[in-house]
Amino acid sequence: MKLNKYLLTVALAGMGLSLTSCGSEWLEINNNTQDPVEEYYKKESNIQQAIVAAYDPLHWFDYANNYCGINIYPEVLADQCFPGGGDVNDMNQWKMVFNFNVTPTVVLSTNYSNAYSGVKRCNDAIHYMYTYWQPETAKELANRDYYESQALALRAFFYNYLWHWWGNIAYYTENLSGDYLAPQYSADEVYEFIMDDIERVIELDALPEKTTGAELGRVTKHFVYMLYAEVVMYQNDASRKSTALKYMEEIISSGKYQLMSDFASIWDVAGEWCDESIFEINYSDYLANRNWSWGGTAGGTVVPCMILPRGYDSSDGIHDNTGWGFGTVRKSTYDSYAANDSRRDASIWQPAPGSYKEGFQDTGYFLAKYAGKIGGNSGQIADAVLNYNNNLRLYRYSECLLNAAELGSPNAQTYLDMVRTRAGLSSVPATQDNIIQERAWEFLGEGKRYWDLIRTGLAKDYLVAGNEIPDDRTGNYTDNKKYLPFPQDEIDKCRGTLKQNDQYFQ
């Protein structure tokens, strides 16, 4: 399955109408130094290349110096896991954010620059398709709507990422020139800009509901619906919640998804793009060339290595021996699951005592969903630990069901019961507290919990100094900690026009 997927990507990167994973090595752009930009992008095939390039930064977050994977980074900041690692200084910047005492000089700047790289590529694609390419047929005009929809959806995704972490960000839809300075906006203003892009995509109605085969990895209408709901729910925008619910119900009634009966099977390679998957970010180990010199090249992911225990002896014949010991799971998290909840052992792994080297914040429990498996990077040709073949499951059908329940669907009880029944559990009332708790169990290791606590106002109750282990959290979340400080080097580059999130330090 992975082999075929990768071969399709290489074959189509030239570029036809298809796209799977969009790594820079998969994008075989012809030498364009002989053509001026205004000539090069007169061709539709080259517009398609620009669209492919806009997908590429989706793959960068798990590596590029700070290892801030879209799932793993917020996971270790919530209340179910610890940062872990080799010792207290291993990824010290994670520990500082975890303890709410980060400084502008150690904040995770590559996360910031990666997202803006995505924004830049989306802006480029839109500029090229409207400035240089002149569609001449109805088909070409429809194609331009399709390309624009992808670029707008991706731009909204990248800005959503920046907005979640920093709030009051610089926002622009045309790439900068001259002094390269852009206006900074309040978080509420940025929210409206993001929604403008999302609503424009929905208005264009040029994306398919779901993709298959070689198209897997392109954004879809249902990806956009999930993004819409995520952004609206994080903003707590009452004026748009009914629309968000309508989109969730539309996904449910489409009949294109169903819960997998075996929760554990979702996380196997064979479970990628299963009937439950709404959107995934593709990673492949086949001829994967991701390396220590440049983590942005095409290939696999480092997250499976990060969350394996250190020095594991592979005695179970399943898990690899390359671990760094990050993202240790709290014992209290393990104990919170019912003994018959099938998600517990599919989400949390306990290696045998003495089979690994204890690291910092060791609990004996590790994340299971993305843990590296023996042979999981066997097809790579560069640095093995960076090239595991685990797709990132970004949006699953279970999240759509729980979103709809939380947004007040008249079928809320049915939707919550569906998720619990699959886990082997009986019904509980579909209250907001129960739905938020269900999300904690359902999405452990998927990077949802931290944002759930913040958007529901529960962070100040759960993200607090503790004593579960000797090296537990030492600081408390308060509302002024919602947005991280901007990296100091970014403020310096902007020559003071980017104002710091000073409230973080109050």
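Helices are taken here as DSSP runs of H or I with at least four residues, numbered from the N terminus. With that in hand, the pockets of this predicted model can be described.

The largest pocket encloses about 450 Å³ of space. Its lining is made up of 16 residues, and those closest to the pocket centre are Tyr-116, Tyr-172, Leu-176, Tyr-180 and Glu-490. Two helices, helix 6 (109-131) and helix 19 (488-493), each provide at least two lining residues. Helix 6 gives the largest share, with five residues. Sorted by class, this lining holds 10 nonpolar residues, together with three polar and three charged ones.

The second largest pocket has a volume of about 250 Å³. Here, too, the reader can look for a set of residues around the centre: Asp-79, Gln-80, Ser-332, Arg-449 and Tyr-462 lie nearest to it, out of 16 lining residues. Two or more residues of this lining come from each of helix 12 (331-336), helix 16 (432-442) and helix 18 (459-462). Helix 12 makes the largest contribution to the second largest pocket, namely three residues. By class, the lining of the second largest pocket contains six charged and six polar residues, along with four that are nonpolar.

For a look at the model on screen, helix 6 is a handy guide to the largest pocket, as the source of the largest share of its lining, and helix 12 plays that part for the second largest pocket.

Terms used: Residues are numbered from 1 along each chain as its sequence is written. This is a predicted model: local features need pLDDT of at least 70, side-chain atom pairs count only at pLDDT 80 or more; totals for chains, interfaces and linings use all residues. Side-chain values use heavy atoms; hydrogens and water are left out. On a 1 Å grid over the protein atoms alone, a cavity is a set of points where a 1.4 Å probe fits but cannot get out, and a pocket is an open set with protein on both sides within 12 Å along at least five of seven lines; lining residues have an atom within 4 Å of a point. Grid points are joined across faces, edges and corners, and a volume is the space filled by probe spheres set on the points. Ala, Val, Leu, Ile, Met, Phe, Trp, Tyr, Cys and Pro count as nonpolar, Asp, Glu, Lys and Arg as charged, and the others, Gly among them, as polar.
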